[in-house]
Amino acid sequence: MNILVCVKQVPDTTEIKINPVTNTLIRQGVPSIVNPFDTYALELAVRLKEKNGGEITVVSMGPDQAIAALKECLSVGADKAYLITDRAFGGSDTLATSRVLAAVYKKLGPFDIVFCGKQAIDGDTGQVGPEMAEHLKLTQISNISELEIQDCKVRAQKEFEEGYEIVEAQLPTIVTVTKTPYEPRYSTIKSKLAANRTTVEKITIADLDIEAEKVGLKGSPTKVKKTFTPQAKGGGVVISEDSGMASAKKLCALLVTDKIV
Amino acid sequence: MENYLLMNEDQKELVAMLRNILQKELAPIVEEYDEKGEYPMQAHKVLCEAGFNTVAIPEKYGGLGLDNQTIALLNEEIGKVDAGFGCSFSFSSGGIKTVLLAGTDQQKQYYADRILNGGISCTCITEAEAGSDAAAIRTTAVKDGDDYILNGTKAFISNGPIADTFTVLAITDKEKGTRGMSIFIVEKDRGVKVGKKENKMGIRMSPTSEVVFEDVRVPAANLVGAEGEGFKIFMKSLARSRPLVMAFAVGIAQQALDLSVAYAKERKTFGKPIISNQGVSFMLADMEMQIQAARNLIQYAARCVDAGVDLTSASASAKTIASEVAMKVTTDAVQIFGGYGYSKEYPVEKLMRDAKIFSIFEGTNQIQKLILGGYLSKK
């Protein structure tokens, strides 16, 4: 099987701080990690490879420091890694990012299956995986916790708040992965040292069949206007009378007093 | 920021990797397992799967063959979380050390294979009447055809209750004193029994017990080196492993200091954090200096081991200094925490309990001074 895994390097959000003046993340001194949902995605991919054979290519779109995240992925079972990096990609929103990753898929493919984490813990949009599927006209199953491949089809457990569905899709497909029932594996000392010695190849805009207007700030229809920590709200007024009718009457009286109704 | 600023890239990666595993697999269960006095096999297995139990086994025999300076840094990292676990984890492969020094190729591969396949080793020298005076052991190994039959009881044996492979010092010729002692590899299923388990003050995750040999028969192929060489081989091996074991003590001390600094910044007396009092900040500064000195002495001793130079001074010095630093730093840490330091609800009392053993095992500090005094007088 030819497997592609898309990962993102994100700040370790247990320590997130926002600059109150610029409204941006303070990244300096904040440790970076592989997006946790991407680690579950990679673990599922490695288990699939162990069962069905094949090769895993892992890619990440980001600056040079994302190479550390890619090497981490190599140390836990990925076979090849590429850093997708170019000034032209800077400022990309999810749509622009998904276009770039779709172009990477076409360049490095064909792939039988693409794994993404269900969302990045810094952006939290959950959009890139499904957008990739749309660009590439592939089937997609999002929010899965388990899967197997049978006769060129994937059967995946798609999680909901209320339970789960078993969904089948024709390969090639894109899946986005939520928390799996098992933790991602640790690297071994051997695999860690070997991964560190690997040179990660870079892919730039020149290597891809993509227009400059479709990526970066120019290619991003959405823009982040402000990032802020919401002010903690006060407790509010608690209305708790003996009966529902009494509580409703009290609420009405308050609303009338405040000229809201 | 790391405490040791001269790590190479591999060391930084391995320390970070180990730290990550320990935070997830060991740190959350320290209090519980220290209370129970049990060795957490689950954490042991995770570290073995990552290869940490093979760091001291040469690549030729399937291990990772890391250098001793790196192993010392890794040991310190484990020591920060739980030195008892660290000691037992280290000893779980440490039984191979005398075999690596004096065994045949076949014996080395045999022992390495047992560890690589998940085996746990332990080293059996000490007896009830023979600690510092190791020459006073009474366990015998009597030749019987192509075998030896072992009889005796070893005491205070780390990993006694959990080991399956024992490296044992026994008397093969009583007339010759220390020159009549030999080393044997003894597999548990030859009839080795575990005796009384110790209920210890500290390093409680490291299981310690008597190990009993009653007519235990081992083939002559299990003799390591020649008959009569055992005492000398063990003394050489212990000098090499001492600095690495003391790295756990440095870990204890570093953890005690880190906790003390954090506490001193938060705890207020008379309207200000206690760290702003020189009485406290000077104590912390002393602790920092002592730890740096101990760590670097261990790095020096580890480097001497790798270089194959004379270890007498480096090993004895590193052992004594590191253990004394751990005791002083943890005692001061409890002092800085005040009443809370004395309570089991706070982590520093455990560090102080753990620190004490390092002046006692691996050759008491008094023995180290005996060794060094003798060495200097012959210079």
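**Exercise 1. What covers helix 3 of chain A?**

Task: in this predicted model, find which elements cover the buried residues of helix 3 of chain A.

Solution. Start with the helix itself. Helix 3 of chain A runs over residues 94–108, and its 15 residues reach 21 Å from the first C-alpha to the last, close to the 21 Å expected at 1.5 Å a residue.

Next, look at burial, where a residue counts as buried if 20 or more other C-beta atoms lie within 10 Å of its own. Eleven of the 15 residues in helix 3 of chain A are buried, so by this cut-off the helix is mostly covered. Among them are A:Thr94, A:Arg99, A:Leu101, A:Val104 and A:Tyr105.

Finally, find the neighbours. The cover includes strand 1 (2–7), strand 4 (55–61), strand 5 (80–84), strand 6 (113–117) and strand 11 (201–203) of chain A, along with helix 4 (128–136) of chain A.

**Exercise 2. Tracing the sheet of chain A**

Task: work out in what order the nine strands of the open sheet in chain A lie, and which strands form its edges.

Solution. Walk across the sheet strand by strand: the order is 9-8-7-10-6-1-4-5-11, and the pairing is mixed. The walk begins and ends at the edge strands, strand 9 and strand 11 of chain A, each of which pairs on one side only. From one strand to the next, the twist averages 35 degrees.

Now pick one pair inside the sheet. Strand 7 and strand 10 of chain A are parallel and share four bridges. To find this pair on screen, go to A:Ile144, whose bridge partner in strand 10 of chain A is A:Val177.

Then add the helices. Helix 1 of chain A (residues 36–52) packs on the sheet and touches strand 1, strand 4, strand 6, strand 7 and strand 10 of chain A; its direction makes about 150 degrees with that of strand 6 of chain A. Helix 2 of chain A (residues 67–75) lies across strand 1, strand 4 and strand 5 of chain A, at about 165 degrees to strand 5 of chain A.

**Exercise 3. Backbone oddities**

Task: locate the cis peptide bonds at A:Pro110 and A:Pro172, then decide whether A:Asp151 is buried or exposed and whether B:Ile203 is buried or exposed.

Solution. Take the prolines in turn.

- A:Gly109 and A:Pro110 are joined by a cis peptide bond with omega about 15 degrees. A:Pro110 sits in the loop between helix 3 and strand 6 of chain A.
- The bond from A:Leu171 to A:Pro172 is also cis, with omega near -5 degrees. Here the loop is the one between strand 9 (164–170) and strand 10 (173–177) of chain A.

Now turn to phi.

- A:Asp151 is not a glycine, yet its phi is positive, near 50 degrees. This residue lies in the loop between strand 7 (139–150) and strand 8 (153–159) of chain A. A:Asp151 has 6 C-beta neighbours inside 10 Å, so it counts as exposed.
- B:Ile203, again not a glycine, has a positive phi of about 35 degrees. Its loop connects strand 6 (193–197) and strand 7 (208–219) of chain B. B:Ile203 has 28 C-beta neighbours inside 10 Å, so it counts as buried.

**Exercise 4. An enclosed strand in chain B**

Task: explain why strand 5 of chain B is described as largely enclosed, and identify its bridge partners.

Solution. Count the buried residues of strand 5 of chain B (residues 181–187). Six of its seven residues are buried, so the strand is largely enclosed by the rest of the structure.

Then look at its pairings. Strand 4 of chain B (residues 165–171) pairs with strand 5 of chain B in the antiparallel sense over seven bridges, and B:Val168 stands opposite B:Phe184. Strand 8 of chain B (residues 223–224) is also antiparallel to strand 5 of chain B and is joined to it by two bridges. In that pair, B:Ile183 has B:Val224 as its partner.

**Exercise 5. Contacts between domains and chains**

Task: describe how domain 2 of chain B meets domain 3 of chain B, then how chain B meets chain A.

Solution. Set out the domains first: chain B is divided into domain 1 (9–116), domain 2 (121–228) and domain 3 (232–377). The C-alpha centres of domain 2 and domain 3 of chain B lie 30 Å apart. Each of these two domains brings eight residues to their contact. On the domain 2 side, five residues are nonpolar, three are polar and none are charged.

For the two chains, the contact takes eleven residues from chain B and eight from chain A. On the chain B side, helix 1 (9–25) and helix 3 (41–50) of chain B are the elements that give two or more residues. Helix 1 of chain B gives the most, with six residues. The chain B side divides into seven nonpolar, one polar and three charged residues.

Technical notes:
Residues are numbered from 1 along each chain as its sequence is written. Chains are lettered from A and ligands numbered from 1 in the order in which they are written. This is a predicted model: local features need pLDDT of at least 70, side-chain atom pairs count only at pLDDT 80 or more; totals for chains, interfaces and linings use all residues. Domain bounds come from an automatic or database domain assignment. Two residues are in contact if their C-beta atoms, placed from the backbone, lie within 7 Å. Ala, Val, Leu, Ile, Met, Phe, Trp, Tyr, Cys and Pro count as nonpolar, Asp, Glu, Lys and Arg as charged, and the others, Gly among them, as polar. The expected span of a helix is 1.5 Å times one less than its number of residues. A residue is buried if 20 or more other C-beta atoms lie within 10 Å of its own, exposed if 12 or fewer, and partly exposed in between; C-beta atoms are placed from the backbone. Two strands pair if DSSP finds at least two bridges between them. Axes are lines fitted to C-alpha atoms, for helices over the stretch in contact, and angles run from 0 to 180 degrees between N-to-C directions.
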